[in-house]
Amino acid sequence: GTRSANMLKQWYQRRVRGSLRRVILCRACTQRCYSVVGLDHVIPGIQPIPSNIIVPSYHKSGIPPPRPQHIDIKSQSAINNLREAGHITGEILDKTIAMADVGISTDELDRYAHSEIIARGAYPAPLNYRGFPKSICTSVNNVLCHGIPSTRVLQDGDIISIDVSIFYKGVFGDCCSTAIMGEGDVTSRELLAVSRDSTLAAIAKCRPGLSFSEIGNTIGEHAALAGFSICKEFIGHGIGYYFHGLPEVYHYANHHGPTMRPGMVFTIEPIIMEGRDAMQILADGWTAVSADSGRAAQFEHTIAITDSGAEILSPHG
């Protein structure tokens, strides 16, 4: 109710005041408390896929099939497969996040996640999807998403978003989380908290009959109260036997609807930005960075709408 909303607002205002004090002190001394990431050396070559792994249709061509033109309602059997794929994806994400540390390159993280995915009998969904050259996405500091693993090693104070997705038993699993290398500063911790908390708050509202606009409205409120912005160019999506499909899930305040129905499965994956919401794509055609070099954090789950609410299909840290 109104009391809860006011308490949430006061809590975020206290956190934001502390963040602003820390940022002002930080910039007065060093101008920026983190390194701005650009394009780094990507080791060429695609990691091998054993012959026993069931691969998606784009495995060789790099061209995914056209997405469905409607929001499909999943059968219980399909949801069971999506749940299994989601649990595997979440477990691998947790293990990869745990491996991330100062001095580890993002390419090492990619090779580790690749081996874990293959060991589960799954295919790393990003690999050769529209030509993407690696098995996971690793986005550091000012990289919003779709960062290509490279020889760059993680540094103290870096924040890294790791997006893991797989193809398993004919369906896709997809999730993402962000971690800080070392303690980080107040702002980096705030970014992580808001990306996680806003995603979980939006999921908690999901239920049959709710407009999809409520997802963005909820996330937008959390971000605004914390003084952050939301990347508008990348949205959540339907998922199933296809990697990306309808519905389109906007993470900012909007009036986009349809309403939710049992059996719908989709992702919620806001990218919370410390600066302006403007972005650009670098010359590799993938790496999305903030226009002002501000940092970002992302948290993602795949969920299924049930008869009474929503089930998280991709549980992770």
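Where is Pro149 found? In this predicted model, Pro149 sits in the loop between strand S3 (143-145) and S4. A relative accessible area of 0% makes Pro149 a buried residue. Not counting residues up to four places away in sequence, Pro149 touches Val42, Thr106, Asp107, Asp110, Phe132, Lys134, Ile136 and Thr138. The chain also brings Asp40 into the picture: Pro149 and Asp40 are 109 residues apart in sequence, while their C-alpha atoms are 8.7 Å apart in space.

Ile148 belongs to the loop between S3 and S4 as well. With a relative accessible area of 13%, Ile148 counts as buried, because buried means under 20%. When residues up to four places away in sequence are set aside, Ile148 touches Val42, Phe132, Pro133, Lys134, Thr138, Asp284, Trp286 and Thr287. One of these, Pro133, is 15 residues from Ile148 along the chain, and 7.6 Å separates the two C-alpha atoms.

Another loop residue to look at is Asn128, which is placed between strand S1 (123-124) and S2. Asn128 is buried, and its relative accessible area is 14%. Its side chain reaches the backbone oxygen of Lys60 at 3.3 Å. Leaving aside neighbours within four places in sequence, the residues in contact with Asn128 are Tyr58, His59, Lys60, Ser61 and Gly62.

The next stop is the largest pocket, which holds about 610 Å³ of space. Of the 31 residues that line this pocket, His146, Phe234, His244, Glu269 and Trp286 are the closest to its centre. Several strands give two or more residues to the lining: S2 (137-140), S4 (159-168), S5 (171-180), S7 (236-238) and S8 (245-249). By residue type, the lining of the largest pocket divides into 13 nonpolar, 10 polar and 8 charged residues. Trp286 links this part of the model to the loop described above, since Trp286 is among the residues that Ile148 touches.

Strand S14 (residues 301-305) offers a view of the interior. Of its 5 residues, 5 are buried, so S14 is largely enclosed by the rest of the structure. In a regular strand the side chains alternate between the two faces of the sheet. In S14, His301, Ile303 and Ile305 point one way, Thr302 and Ala304 point the other way, and all are buried.

Which way do S14 and strand S9 (residues 265-268) run, parallel or antiparallel? The two strands run antiparallel and are joined by 4 bridges. Across this pairing, Thr267 stands opposite Thr302, and Ile268 stands opposite His301. The side chains of S9 also point in two directions, with Val265 and Thr267 on one side and Phe266 and Ile268 on the other, and all of them are buried.

S14 has a further partner in strand S15 (residues 310-312), with which it pairs in the antiparallel sense over 3 bridges. Here the bridge partner of Ala304 is Glu311 in S15. Together, S14 and S15 form a hairpin with 4 residues between them.

A separate set of pairings gives an open sheet of 3 strands in the order S6-S10-S13, with antiparallel pairing. Strands S6 (229-230) and S13 (296-298) stand at the edges of this sheet, each with a single partner strand, so one side of each is left without a neighbour in the sheet. S6 and S10 (residues 271-273) are paired through 2 bridges in the antiparallel sense, and in this pairing Ile230 stands opposite Ile272.

Ile272 leads on to a helix residue, Ser195, as Ile272 is one of the residues in contact with Ser195. The place of Ser195 is in helix H4 (residues 186-205). Is Ser195 buried or exposed? Ser195 is buried, with a relative accessible area of 1%. Within this setting, the side chain of Ser195 reaches the backbone oxygen of Leu192 at 2.9 Å. Apart from neighbours within four places in sequence, Ser195 is in contact with Pro270, Ile272, Ala297, Gln298 and Phe299.

How values were computed. Residues numbered from 1 in each chain as written. Predicted model: local features only at pLDDT ≥ 70, side-chain atom pairs only at ≥ 80, totals over all residues. Heavy atoms only, no water. Buried < 20%, exposed > 50% of the residue type's maximum accessible area, 1.4 Å probe, protein only. Polar contact = N/O pair within 3.5 Å; in protein donor to acceptor, adjacent residues only side chain to side chain. Contact = heavy atoms within 4.5 Å. Pairing = 2+ DSSP bridges. 1 Å grid on protein atoms, 1.4 Å probe; cavity = no way out; pocket = protein on both sides within 12 Å on 5 of 7 lines; lining within 4 Å. Points joined across faces, edges and corners; volume = space filled by probe spheres on them. Nonpolar A, V, L, I, M, F, W, Y, C, P; charged D, E, K, R; others polar.
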